[in-house]
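Trainee: Could we go through this one together? I'd like to start with contacts and work outwards.

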Amino acid sequence: MRGFGNKLERLLAIIEKEWLQVFRDPSALLVAFALPLIMLFIFGYGLSLDADHVKVGVALEDRSPTARALWIAFDATPYLSPIFYADRGSAERALTDGEVRAILVASSDFSQQFESGIAPTVQLITDGSETNLSLIIEAYAQGVYARFLSNQGYERGISTSNLASRINVETQMRYNVSRLTRNSITPGSIVLILAMIGSLLTTLVVAREWERGTMEATLSTSVGKFEMIVGKLTPYFLLGLAAACICALVSRYVFGVPFRGSIFAYVLTSSIFLISATSQGLLISTVCRSQTLSSQIALLSSFLPNYIFSGVLFEIDAMPAPIRALTYAFPARYYTVCLQTIFMAGDVWPLLLRMASYIGLIALVFITAMIVKTPTRLE
Amino acid sequence: MFFESCVRALMLARKELMSIATNRLALVSLFIPPIMQLIIFSFAISQEVTNARIVALNLDVGAEGESLMKAFNVRPIFREVLRVGSYRELDEALENQRALAGIVIPQDFSRSLLDPKGTATVQITLDGRRANASGILGGYISQIVSAHKVEATAEVSTRGLATRRWFNPNLVARTGFLPGLACIVMTSVAMIASAPLISRERETGTFDQLVVSPFSPTEIVFGKALAGLFLSSVAAAFALSIIVFGFKIPLKGPLWLFIASTELYLTSIVSIGLFISAMSTTEQQSTLGMFLFLPPAIMLSGFATPVENMPQILQSLTVINTVRWELVVLKGLLIRGSSTASILPNLVPLTAIAIVCVTAARVMFKRRME
């Protein structure tokens, strides 16, 4: 019983020491409170897959009323911003120079051919280097063109299949009736922010102690591994949790993302994720023992992998099998599912618990590695 | 006088490079992880929706329902069609993300289609948690469903909109994203190499030695910038060679412009890194600066989400985002073959930022000395 009391006392002492250190260096507080706010605002407004006002060059070599009606049809949609070009050549140059994302060409015999019904009458060329945008523009342009055709009195446009089909389709998007991609992307931004903050907060902690020589001082005391690790993690874990709460509030009240789950589920899954993120940072720091090196590795391992493997902007299902297998090793992937579910669907416990246990498993690996790598005495 | 200054700056750059070269681990971790990321992510990156899992509830007992179910055996769009027997199971599969979309074929499906004039209705439920992916998938499914029973007499109009894609006709995601990935790799290396250059000297206490040395502040800032530029140029050479020779993305623009614009870009990133470094008093602060700069700069560059999609205010803000301009330059030179005249304006903001940041770094450095 006495031994346990001593342990607890030592643990609290380390937590207190780290806590004091956090408050003496304002940069850690900046990381916990200012960084999530700045990033969430930037990502919340900046990351969007909903294209609008896409610049499309319209080369009208024909000046007939029909051609003008075509221009008006494209000008009317908010998704595309047409830019006028007098001939095909200048429009093509604009596309090559990246000034427009697509061009629409109506050649000089446009109205003649249009009246006689010879196909095809209008050409759309998209910039294939923007793969996603290309598809979106094609879909928009087809829609606008179909409307133009029907305005011109041609009932059946190009996508005849829809009109002629005998099967109607009723599509409903559950959890997100208005189909806002922002609702899916904002929880994903929180994942990225917490992953970076978690490892950033802890990554410099141990490395700094080695560089300054205070690690030797700590090691010469009777502190055990467990107390050392838990003591160092706790303050940063709590700061990360504060950041998580700020993120949830901003998402709910500034971006208007629904919060259908419970606060308990949010705090629980976030806590498990933060344990994994902070222990990842601490592990890097323990192994590297140099601030420069550990900050390098923390940046490289927390930003891009979480950005690409979280499944928010890039599709995990479309990745080749070996890389899909690799994504299972990144907790961000599971946490994204948790947050998207908690924000939009509610507490789906079977799903949340399964995801949380995967994150927990990864955290356990980090902590085990750390226990192995933390020396108890000086070599 | 000027010549001597240049020599001194070069000597300082040499000292920086030597001190980095002695730490083998730091050198390896500066180059290897970013290059590995480039290779791995070039295979991973895709915004297409393929290989999706869907769940289907076929309440129809007739032949039509089964024939529609068969129509979903389309690879590679669908990986698996999970069949369920009740609405409850369908909801459960969606809720637990075992499927991205659910299809319900109603009881009267065959009967409605038996009637030559009748129409049937199929319900599609999409998982709104992944709004973008499920929206695209919903489009595919409704196309398949609609095309399933097209009236044979339907008149197909010939007044079509002919679509073509230039530069990347099959819309291979890798081609579109590789210039951006290479850009991220060289940006990360330039930042990581330059951000600790001054703050580390402060932390280890060698800053004072540097101050009392015969170097002028300008020489010190330029010497350090040169070291950062050298290291990041090596990384850029690796990254760009990999995408040009390894992934066969052709260089369509002039080589001199390609090299000159890349160096100019790296200079701008290194000067931002030095500015961060000169502002920081500890390494922790310069690391924080790095984290504050890099992710937003990359995410707001048009790499994954086009700049046009951003609100106007944020778009104006990206004028100072060097990554955005470099991405336009790289894509223009590598994929589109843009004209030199259209590339040059993108270099103006890069130059301006480089000049402003180097000057600011020098001012901060001098202030810290006093």
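Mentor: Sure; contact means heavy atoms within 4.5 Å. This is a predicted model, where local features need pLDDT of at least 70, side-chain atom pairs count only at pLDDT 80 or more, and totals for chains, interfaces and linings use all residues. Residues are numbered from 1 along each chain as its sequence is written, chains are lettered from A and ligands numbered from 1 in the order in which they are written, and side-chain values use heavy atoms, with hydrogens and water left out.

Trainee: Which residues does A:L241 touch, not counting residues up to four places away in sequence?

Mentor: Start with its place: A:L241 sits in helix α10 of chain A (helices are DSSP runs of H or I, at least four residues, and strands are runs of E, at least two, numbered from the N terminus). A:L241 is buried, at 17% relative accessible area (buried is under 20%, exposed over 50%, partly exposed in between, with a 1.4 Å probe and protein chains only). Leaving out residues up to four places away in sequence, A:L241 touches A:V267, A:S270, A:S271 and A:L274.

Trainee: Is A:E209, in its salt bridge with A:K232, buried or exposed?

Mentor: A salt bridge puts a side-chain nitrogen of Lys or Arg within 4 Å of a carboxyl oxygen of Asp or Glu, and here the N to O distance is 3.0 Å. A:E209 lies in helix α8 (residues 181–212) of chain A and A:K232 in helix α10, so the pair ties together parts that are 23 residues apart in sequence. As for cover, A:K232 is buried, and A:E209 is likewise buried.

Trainee: Which residue of chain A forms a salt bridge with B:E308?

Mentor: B:E308 counts as buried at 16% relative accessibility. It sits in the loop between α12 and α13 (312–317) of chain B, and its partner in the loop between α4 (88–96) and β3 (102–106) of chain A, so the pair joins two chains. The closest N and O atoms are 2.7 Å apart, and the partner is A:R101.

Trainee: What is the area buried between chain B and chain A?

Mentor: Buried area is the accessible area (1.4 Å probe) that two parts lose on being put together, summed over both. In this model, 114 residues of chain B are in contact with 117 of chain A, and there are 8 salt bridges between the chains. Carbon and sulfur atoms give 60% of the buried area, which is about 10500 Å².
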